[in-house]
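Trainee: Could you walk me through this one? I'd like to go piece by piece.

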Amino acid sequence: MIDTPFQRRQATRGLEQLTHLVRAQSWRQDGTPSLPPTQAAVLRMLQGVQDGLRARHIAERLGVSPASLSDSLKAMEGKQWIRRTPDPDDARAARVKLTSAGSRMATQLQRPDQGMGSLIESLDETDLGALLRVTQLLVNEAQEQGLATGLRTCLGCEFFRPFASGERTAPHVCAFLDKAFGDSELRVDCAEQQPADDEHQLGSVARFRQPTPP
């Protein structure tokens with residue numbers, strides 16, 4: 001019989017070790033500077049967002065305090081990776097946008113051989129789908145425990161219909177795209193995501209946790 005508490009401790013230890021590697025950025029091979037995780041996350045988040053984001057929204061999505069994010073943004077401004085522009089919707093607020101240099105750095109971070117991406121590259125579609133499935137559940141649990149907010153996952157989206165297609169290889173449905181898809185296409189950060197209300201999300205989580213239908 002599997003010792004469930006033991007296996008949970010093993011999984012926790014593995015995740016903690018990977019987190020340490022990410023923080024240390026110990027495997028960067030191209031000579032680019034090591035980045036604190038928050039700065040790297042901000043660069044990735046802002047890439048392709050033409051209008052930028054308010055600092056408050058960035059902090060919510062990253063699950064960090066505004067004060068902690070403020071320090072990171074000041075450091076990034078010093079590197080000329082970001083700039084702040086007036087928010088057209090609120091004269092008292094500002095939006096954070098990437099500069100050309102910041103955009104180049106964000107593109108560099110998207111390379112598949114960078115950071116955690118160098119580890120993910122070795123996974124086949126089945127294993128990648130399994131990882132994305134577990135990631136959906138872990139992010140949901142983090143949000144339930146108040147550790148993170150604003151993360152744009154499939155599982156937290158009003159358009160997500162888990163195991164609704166009846167297809168074995170593409171069991172889920174995105175009602176926004178009207179498309180069936182499998183675990184390997186699950187998204188952790190989707191630009192089209194619309195947060196589900198509590199009732200819808202509880203139903204999605206319960207269905208998503210069920211064993212895959214035959």
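**Charges, core and pocket**

Trainee: Is D87 buried or exposed?
Mentor: First, this is a predicted model, where local features need pLDDT of at least 70 and side-chain atom pairs count only at pLDDT 80 or more, while totals for chains, interfaces and linings use all residues. Residues are numbered from 1 along each chain as its sequence is written, and side-chain values use heavy atoms, with hydrogens and water left out. The scale is relative accessible area: under 20% is buried, over 50% exposed, and in between partly exposed (1.4 Å probe, protein chains only). D87 comes out at 4%, so it counts as buried.

Trainee: Which residue forms a salt bridge with D87?
Mentor: A salt bridge here is a side-chain nitrogen of Lys or Arg within 4 Å of a carboxyl oxygen of Asp or Glu. For D87, the closest N and O atoms of the pair are 3.3 Å apart. The partner is buried too, at 17% relative accessible area, and its name is R95.

Trainee: What about R92, buried or exposed?
Mentor: R92 pairs with D90 in a salt bridge, with 3.3 Å between the closest N and O atoms. Its relative accessible area is 79%, so R92 is exposed.

Trainee: Which residues are joined into one network by salt bridges that share partners?
Mentor: Start with a separate example: R187 and E192 meet in a salt bridge at 3.6 Å, N to O. R187 has 41% relative accessible area and E192 has 34%. As for the network, shared partners link R54, D87, D89 and R95.

Trainee: Which helix gives the most to the largest nonpolar core?
Mentor: A nonpolar core is a set of buried Ala, Val, Leu, Ile, Met, Phe, Trp, Tyr and Cys residues joined through side-chain atoms within 4.5 Å. The largest one has 19 residues, and L43, L46 and I58 have the most contacts inside it. Helices and strands are DSSP runs (H or I, at least four residues; E, at least two), numbered from the N terminus. With five residues, the top giver is helix 2.

Trainee: How many residues are in the other core?
Mentor: That core lies apart from the largest one. Among its members are L155, F159, V205 and F208, and its size is 12 residues.

Trainee: How many charged residues are in the lining of the second largest pocket?
Mentor: By class, the lining has eight nonpolar and eight polar residues. Asp, Glu, Lys and Arg count as charged, and of these the lining has seven.
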